[in-house]
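This report describes the fold and selected side-chain contacts of one protein model. The sequence and the coordinates are shown first.

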Amino acid sequence: METVLGIGSRVKHSEFGVGVIINIKSNGYVVTFIETGVKIIKFNTPLEVIEEVEPDRDLVSLLDVEQSLVRVLQKWVDVTEVVPLGDKWKGGKLILKPGRTNLASKEIAIEVFFHKIVMMRDRLRVLEQRINTSSLDEEEKINLQQYITRIYGTMTSFNFLFKQTEQYFTGDKAAVES
């Protein structure tokens, strides 16, 4: 295996310029470049090392664990978690009433609506995984992740339905998070 640089190492990339490694993922370094922002750079990308910081001793094992976890998740990609609806909404119904009085209202059980919201969230997570493991270049992956983050931000409107706050939609995830 090639030498792995630690977090805090200063590097120079031929296209993006000077930057600092801020994180290490299974697929490469997360680098903040002075002029071009945050990019994920594959390990085999030629970088000029300006200042090297030794990586943590357990870095290799963390990378191995992350890669193994990604493989396991891909195997079970369509398995959905059980997400409980807030107690006060159980047995309730969502009523959609048109602005025109000559049209009928539409009713749907809140449990059905909530299930569809959770399914949408699960499918967004699958999409994130597929983007992260795709052959797209890193900049395209980051751009797509930013769109997904904005979708999560939009979906925060439905957080009041969830029983547990840790299952809420959040739109403030870092775009490079995977």
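The account below proceeds from the overall fold to the sheet, the salt bridges and the aromatic rings.

The model is predicted, so local features are reported only at pLDDT of at least 70 and side-chain atom pairs only at pLDDT 80 or more, while totals for chains, interfaces and linings use all residues. Residues are numbered from 1 along each chain as its sequence is written, and side-chain values rest on heavy atoms, with hydrogens and water left out.

**Overall fold**

The protein contains three helices and seven strands; helices (H or I, at least four residues) and strands (E, at least two) are DSSP runs, numbered from the N terminus. Along the sequence these elements follow the pattern β-β-β-β-β-α-β-β-α-α. Of the 178 residues, 29% are buried, where buried means under 20% relative accessible area, exposed over 50% and partly exposed in between, with a 1.4 Å probe and protein chains only. Among contacts (heavy atoms within 4.5 Å) with a separation of 6 or more, 49% are between residues 24 or more positions apart.

**The sheet**

Five strands form an open sheet in the order 4-3-2-1-5, with antiparallel pairing; two strands pair if DSSP finds at least two bridges between them. Strand 4 (37-41) and strand 5 (48-51) occupy the edges, and because each has a single partner strand, one side of each has no neighbour in the sheet. With direction ignored, neighbouring strands of this sheet are turned by 40° against each other on average. The axes behind this value are lines fitted to C-alpha atoms, for helices over the stretch in contact, and angles run from 0 to 180 degrees between N-to-C directions.

Strand 1 (residues 10-13) and strand 2 (residues 17-25) run antiparallel and are joined by four bridges. One residue pair can be named here: His13 has Gly17, in strand 2, as its bridge partner.

**Salt bridges**

The count comes to six salt bridges, each defined as a side-chain nitrogen of Lys or Arg within 4 Å of a carboxyl oxygen of Asp or Glu. Three of the pairs are tabulated with the distance between their closest N and O atoms.

| Pair | Closest N and O atoms |
|---|---|
| Lys39 and Glu139 | 3.8 Å |
| Glu107 and Lys93 | 3.2 Å |
| Lys141 and Glu138 | 3.6 Å |

Lys39 and Glu139 form a salt bridge that links distant parts of the chain: Lys39 is in strand 4 and Glu139 in helix 3, 100 residues apart. Lys39 is buried, with a relative accessible area of 11%, whereas Glu139 is partly exposed at 38% relative accessibility.

The salt bridge of Glu107 with Lys93 also links distant parts of the chain, with Glu107 in strand 7 (residues 106-109) and Lys93 in strand 6, 14 residues apart. Glu107 is partly exposed, its relative accessible area being 45%.

Lys141 and Glu138 belong to helix 3, where being three residues apart means a separation of about one helical turn. Lys141 is buried at 6% relative accessibility, and Glu138 is buried at 8%.

In addition, a network of salt bridges links Asp87, Lys90 and Lys163.

**Aromatic rings**

A pair of aromatic rings is described by the distance of the centres and the angle of the planes. A search of the whole structure finds six aromatic pairs; rings of Phe, Tyr and Trp (its six-membered ring) pair if their centres lie within 6.5 Å, and planes under 30 degrees apart count as stacked, over 60 as edge-to-face and the rest as tilted.

One edge-to-face pair is formed by Trp89 and Phe160, at 5.4 Å centre to centre with 65° between the planes. Trp89 lies in the loop between helix 1 (59-75) and strand 6 (93-96), and Phe160 in the segment after helix 3 (138-155), so that this pair links distant parts of the chain, 71 residues apart. Both rings belong to partly exposed residues: Trp89 has a relative accessible area of 23%, and Phe160 has 46% relative accessibility.

Phe114 and Phe162 form another edge-to-face pair, 5.0 Å centre to centre with 70° between the planes. Because Phe114 lies in helix 2 (residues 110-132) and Phe162 in the segment after helix 3, the pair ties together parts that are 48 residues apart in sequence. Phe114 is buried, with a relative accessible area of 4%, and Phe162 is buried with a value of 4%. Phe114, Phe162 and Tyr168 form one aromatic cluster.

Finally, the charged end of Arg150 sits over the ring of Tyr147, 4.6 Å from the ring centre; this description applies if NZ of Lys or CZ of Arg is within 6 Å of the ring centre and within 35 degrees of the ring normal.
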